[in-house]
Amino acid sequence: YYCRKCFHESKYKFYWNKKELKDVLSYSGWHLIGALSVMIRNQGVNVLLNTFFNPIVNAGRAVAFQISHAVDSLSNNFFVAVKPQIYKYYAQSNFADLYSILNTSTKVCFYLILIIAVPVIVNTESILAFWLKDVPVYAVLFTQLSLINAIADSINGPAIAAALSTTKIKWFEIITGGLMILNLPLSYIVLRLGACPESTALISIALSVLTIVIRAFILENLIGLSKNEYLFKTCAPLIIVTFISII
């Protein structure tokens, strides 16, 4: 109403384009798989832990995710500013700048998480004792593992944005989303075999690392980014810096 009243050029018009509607629904539908896979990974494992253990274990995991989310938000806020640039460079077919910003933003997202996560991982017990007084069982271990998982996942944002910019996301979402959903059945199997609660976090970390490698192969097909360059020149140095930081 405001726009119609104040801007005369603003008008409503009924518009129907079957092809455009199909494209939009297809894109949003495949992207929904990625969103659901994250939810299944996190909330599905909560249900499993409640089934196999007592609620105290889930309380420890809840504390861990609260800390992980707080640390992760710093990287996400930076990435919000970078994402439009990635879309713009792909739309312009400016692949040199696209590869450059993908490389740089991946490193910055990773370091923003690392610079906070490593001190927290090393001092988790004393931090939780200061914050909570009565620390839930498994909270310390789950916090450390969740932060390690957050460090691995911090690499994902720029690569996902580059894939989404192509609009050819069907197999990208099916494969990467499918790997995340595997957390649930694999966690169920190991818990059924008598594994400890933290085994679910270890599975999540392993699948996150595997997803980084698989995503490199998909990106090479989608935007022409060399998987070797991405894995060995962008991701591998991050591992070296991480080990040095921990020391």
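These are my notebook entries on the fold, helix 6 and the nonpolar cores of a predicted model.

**Overall fold**

I started with the secondary structure and found eleven helices and zero strands. Reading along the sequence just gives α-α-α-α-α-α-α-α-α-α-α. I then took the extent of the C-alpha trace along its principal axes, which comes to about 60 × 40 × 40 Å. For contacts I looked at residue pairs at least 6 apart in sequence, and 75% of those contacts join residues at least 24 apart.

**Surface and charge**

I checked burial next: 39% of the 247 residues count as buried. The exposed area of the protein is about 14,200 Å². Carbon and sulfur atoms supply 67% of that area. I also looked up the charges, 19 positive and 12 negative, and their mean positions sit 10 Å apart.

**Helix 6**

I wanted to know how the length of helix 6 compares with expectation. At 1.5 Å a residue its 15 residues should span 21 Å, and the end C-alpha atoms are 20 Å apart, so the two agree.

Is helix 6 largely enclosed or left open? Eleven of its 15 residues are buried, so the rest of the structure largely encloses it. I noted the buried ones: Ala 139, Phe 142, Thr 143, Leu 145, Ser 146, Leu 147, Asn 149, Ala 150, Ile 151, Ala 152 and Asp 153. Then I looked for what covers them, and the cover includes helix 2 (18-52), helix 3, helix 4, helix 5 (124-132), helix 7 and helix 10.

**Nonpolar cores**

A reminder to myself: in soluble globular proteins, nonpolar side chains tend to be buried together.

Here I pulled up the largest nonpolar core, which has 40 residues. Inside it, Ile 86, Ile 223 and Tyr 230 have the most contacts. Which elements give two or more residues to this core? I got helix 3 (55-91), helix 4 (95-122), helix 6 (139-153), helix 7 (156-165), helix 10 (199-223) and helix 11 (227-246). Helix 4 gives the largest share, eleven residues.

I followed up on Ile 223 and skipped residues up to four places away in sequence. What does Ile 223 touch? My list reads Tyr 90, Phe 95, Leu 98, Tyr 99, Leu 102, Ala 162 and Thr 166.

Last entry: another core, of ten residues, lies apart from the largest one. Val 45, Val 57, Ala 64 and Ala 201 are among its members.

Terms used
Residues are numbered from 1 along each chain as its sequence is written. This is a predicted model: local features need pLDDT of at least 70, side-chain atom pairs count only at pLDDT 80 or more; totals for chains, interfaces and linings use all residues. Side-chain values use heavy atoms; hydrogens and water are left out. A nonpolar core is a set of buried Ala, Val, Leu, Ile, Met, Phe, Trp, Tyr and Cys residues joined through side-chain atoms within 4.5 Å. Buried means under 20% relative accessible area, exposed over 50%, partly exposed in between (1.4 Å probe, protein chains only). Helices (H or I, at least four residues) and strands (E, at least two) are DSSP runs, numbered from the N terminus. Contact means heavy atoms within 4.5 Å. Accessible areas come from the Shrake-Rupley method with a 1.4 Å probe; for residues, only the protein chains shown count as cover. Lys and Arg count as positive and Asp and Glu as negative; His and the chain ends are not counted. The place of a charge is taken as NZ of Lys, CZ of Arg, CG of Asp or CD of Glu. The expected span of a helix is 1.5 Å times one less than its number of residues.
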